[in-house]
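Colleague: I'm new to reading structures like this one. Could you walk me through it, feature by feature?

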Amino acid sequence: MESFINAIVSGLISGSLYAAMALGLTIIYGISRIFNFGHGVIALIGAYTAWIFVQNSKIADMSLLLGILVTIAFLFLLGFLLYRYAMNPLMKKPNWDISTVLFMLGLGILLENVILQIFGPRVKSIPVFKEGYIRIGVVQINWHEIIIIFIVIIAIILLNVFFKRTRIGQAMRAVAQSIPGAQVVGIDIEKIFSYTFGLAFVVTGISGILLGTKYYMNPHIGWEWMVKGFVIVSFGGLGSTNGAIYAAIILGVVEALATLFLGAMWVWPIWFAIFMVVLLIRPQGILGGRA
Amino acid sequence: MLKVDAINGYYADLHVIKDLSLRIEKREVVALFGPNGHGKSTLLKLLCGLQHPRSGSVYFNSEEITAYPAHKIVELGIAYIPEERNLFGDMTVMENLNLGAYNKRAHGSISQNLEFVFEVFPRLLERKNQLTSTLSGGESRMVAVARGLMSEPSLLMVDEPSIGLSPSLRNSVFEALAKINREKGITLLIVEQEIRDALSMANRVYMIKKGQILFEKPAAEVDIDEIEKAYF
Amino acid sequence: MKKITSNWQTAFVTVIVIILAIYPMLGPSSYLKHLFILFFIWSVVANYWNLLNGYVGINSLGNIGFLAIGGYTSGILSLRFGLSPLITIPIGGLVTGLLVTLFLGFPALRLSGIYIALLTLIFADTLPSILTQTRDITGGGMGLHEIPPFFPGMEKVHAYYICFLFFLIAMLILYKVIHSKTGLAFVAMRDSESLANTLGINRYQERLKVFAISSFMTGIAGGFYVHSLGDISPTTLSIEPFLLGLAMIELGGIGTFYGPILGAGAIVFGNEFLRLAGTLRLALLGALICGVILFYPGGIMQLVEELGKRIKVMLNRKKVTE
């Protein structure tokens, strides 16, 4: 019983991390209909950029905050420019859906190997925010994990406010709901797509930093993160942010329980099985995104 | 106000608009008739920048706008209300209207325009916090027109405003359009199948067939039989 | 004019085939023969992948997985049960075709494009963990070694001719598929949206057929792969072979018949030079894919076509001056 409850809690923690990681993917797809097959490496770039700032310290301090700010600026610019100079020309061609997928795959592999060149193949991790743990009954939670959950919740709230209250955020929602509608009210959709890429890359980068503090990172781990992200957004409904959050939490818990009862090697086949079942029964996902 | 000079337009790979020219004067109400599939909707899309002509030119207040993207054309004061409406279904009526005023030109007059829109379509005031995906066909049409008005246009192009509406709703939409022209001085270009209704409020008529202008006449001189004949 | 170009093409292809047929008699090194074997197999893999992505618009990312299923099936059957590759290779193809059509084709082809990409990618990504869990049969992370050759006492030159023959037959079948009624309908749909609805073919059923053909043939290619090279391991499913396959299609010219063959040639032989770049090799391949998609989407075939046009113009000019 004790291990069961602890499994649930650790599932919730990894679930919130997965949610952060899937958000960037679903934001881009929901608004631009581009499926980012370079998603994993973007998260990794976020993690490595932040790591530069904390590589010599044992515990996170102000330098990590600085690292996060630099990561945000860098990834926003990367996303913005990438849309502008690579995605936008591809979007104007008839087979844009497959060409953007293949382009981002190619770019992902390119960047992965650039990371490998710069940082080497060895496993790295970002120091935790705060050491120690607290006990609530039988449940033991690290302070670090509490802070992660807190950050994820804050991020989700901020995103919601952004989409609801700001002019650009509203325009993004408008584009997501109807591109011709957005055009006829005078929204510059190319500009919105560029900002969308910038925003989603920032969110993805932050999720990468969080993943780097909880687990570890090496230049190849991005693919694993990305494929999990794919299952989550499909389960939640492509393009649906709320769906992605619920799906991430559910899958996080399922993963933890599967590890507890069946063993870690069953985790991945179970992810695949869930993915297949979702596609067969409810391809629009639990909250019905854009099929 | 609007001058179209020998434009050619395509729908996918079909040559839909062929060397078509027309002009619209300030404060006019111009009706555009023609059989389905003969290029009316494509023409409007070419004028509002959703599509672009492969040749020819379009001038708005003597500025050439042929290659302008849609958002720039909205900013100049041309609003287009598509037949498909293209509302933002997961947003409320109010959010849709606010987005109608997205362009810089409309910022200053949001509250005035809102007041006018609710005066013209009182029903929308009751529904202002409802998601547009839950509205009826007539209400959706009203939101589409109202959203277009929010962009502070000087030229409003409406594609089939009455399609799918009951006769009484149709009347109220046409009354609203007449009011928009009368009180706000907004120039109207209306594409319509309900010839009688559109004719009664139009100053001038263009008849389009196979992507070309068949004839152009003051509305008063138009004979309905003549138009109906042109449909076949 | 069209007739002349197609005659030129036939002549050119015939010459290439003859050269490939007599090449081993010129006594090339075993290593070069090895590269040609890889080229034959990769051409088949890339071109049947291209059949899906380039012709029919099924965005598959799992074709290397199909290759692995076919290879493993044939390898296991011959290694563990002593069956002749003559039997195990077709069985491998059938198993691949069945599994893939059942698990991927039926669900995926009902869905929109991006789901197919996701499902096929995730499918291929799941295979390694299945392999490590079935170590007794599949050899786990170590893979299968000393898989019997096509026949006892086989030499490299035999493998060369066997794979060459397979390559020719596979390309002939592919050519027939593309020029069949279904194939032409797909090409027509790809090139003109407005035509799609007027053709009146059962799109789902036809897509399923093409999907089955592609996975079957790729599975067969997997069989030829293992019996030529003697081993297979989960690294087949790693990112590199996947990337190589994509690069072949993109570089050669997606949606063309000769493109992926040219692409396979360029990548198989070019990859050996790229080894000089050491660890940067994969980065360069990624950059190559991005560059081609962005700046030269027609790939080598576009280059060939442009050169052909230029030559034609030059020839015409000569005629005029004469």
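Modeller: Sure, we'll go from confidence to chains, then strands, the core and an interface.

Colleague: What scores does the model get for ipTM and pTM?

Modeller: First, keep in mind that this is a predicted model. As a general idea, where pLDDT is low, the predicted coordinates should not be read in detail. Here the model scores ipTM 0.91 and pTM 0.90. For chain C, the average pLDDT is 88, and 94% of the residues score at least 70.

Colleague: Okay. How many helices and strands does chain C have?

Modeller: Chain C has 14 helices and zero strands, so read from the N terminus its elements are simply α after α. Its C-alpha atoms fill a box of roughly 75 × 55 × 40 Å along the principal axes.

Colleague: And what is the radius of gyration of chain C, next to that of a compact globule?

Modeller: You compare the chain with what its length would give. A compact globule of 322 residues would have a radius of gyration near 20 Å, and chain C agrees, with 20 Å. Of those 322 residues, 45% count as buried. Also, take the contacts in chain C with a separation of 6 or more: residues 24 or more positions apart account for 78% of them.

Colleague: Let's try chain B. How many helices and strands are there?

Modeller: Chain B has ten of each, helices and strands. Its radius of gyration is 17 Å, close to the 17 Å from the globule rule for 232 residues, so chain B is as compact as a globular protein of that length. The box filled by its C-alpha atoms is roughly 45 × 35 × 35 Å, and 46% of its residues count as buried.

Colleague: Now strands. Which way do the residues of β3(B) point?

Modeller: Here's the general idea: in a regular strand the side chains alternate between the two faces of the sheet. Now look at β3 of chain B, residues 29-33. V29(B), A31(B) and F33(B) point one way, while V30(B) and L32(B) point the other way. All of them are buried, which fits a strand that is mostly covered.

Colleague: Which strands does β3(B) pair with?

Modeller: One partner is β8(B), residues 187-191, paired in the parallel sense over four bridges. On that side, V30(B) stands opposite L189(B). Another partner is β9(B), residues 204-209, again parallel and over four bridges. There, F33(B) has M207(B) as its bridge partner.

Colleague: Chain B has an open sheet too. In what order do its four strands come?

Modeller: The order is β2-β1-β4-β5, with antiparallel pairing. The ones at the edges are β2 (14-24) and β5 (63-64); each has a single partner strand, so one side of each is left without a neighbour in the sheet. Zoom in on one end: β4(B), residues 55-60, is joined to β5(B) by two bridges. Y59(B) has E64(B) as its bridge partner there.

Colleague: What about the inside? Which residues have the most contacts within the largest nonpolar core?

Modeller: In soluble globular proteins, nonpolar side chains tend to be buried together. The largest nonpolar core here has 258 residues, and M157(B) and I41(C) have the most contacts inside it. Helix α2 of chain C, residues 30-56, gives the most to this core, with 16 residues. As for I41(C), leaving aside neighbours within four places in sequence, its contacts are C163(C), A221(C), F224(C) and Y225(C).

Colleague: Let me pick a residue in chain A. Is A50(A) buried or exposed?

Modeller: You count neighbours. A50(A) has 29 C-beta neighbours inside 10 Å, so it counts as buried. A50(A) lies in helix α2 of chain A, residues 39-54. Its contacts beyond four places in sequence include L64(A), G67(A) and I209(A).

Colleague: Last one: how many residues of chain C are in contact with chain A?

Modeller: There are 32, and they touch 34 residues of chain A. On the chain C side, the elements giving two or more residues are α5 (113-133), α11 (239-252) and α13 (281-295). The largest share, twelve residues, comes from α5(C). By class, that side has 21 nonpolar, nine polar and two charged residues.

Terms used: Residues numbered from 1 in each chain as written. Chains lettered and ligands numbered in written order. Predicted model: local features only at pLDDT ≥ 70, side-chain atom pairs only at ≥ 80, totals over all residues. Contact = placed C-beta atoms within 7 Å. Nonpolar A, V, L, I, M, F, W, Y, C, P; charged D, E, K, R; others polar. Core = buried A, V, L, I, M, F, W, Y, C linked by C-beta atoms within 7 Å. Buried ≥ 20, exposed ≤ 12 C-beta atoms within 10 Å, placed from the backbone. Rg over C-alpha atoms; globule rule 2.2 N^0.38 Å. pLDDT = per-residue confidence, 0-100. Pairing = 2+ DSSP bridges.
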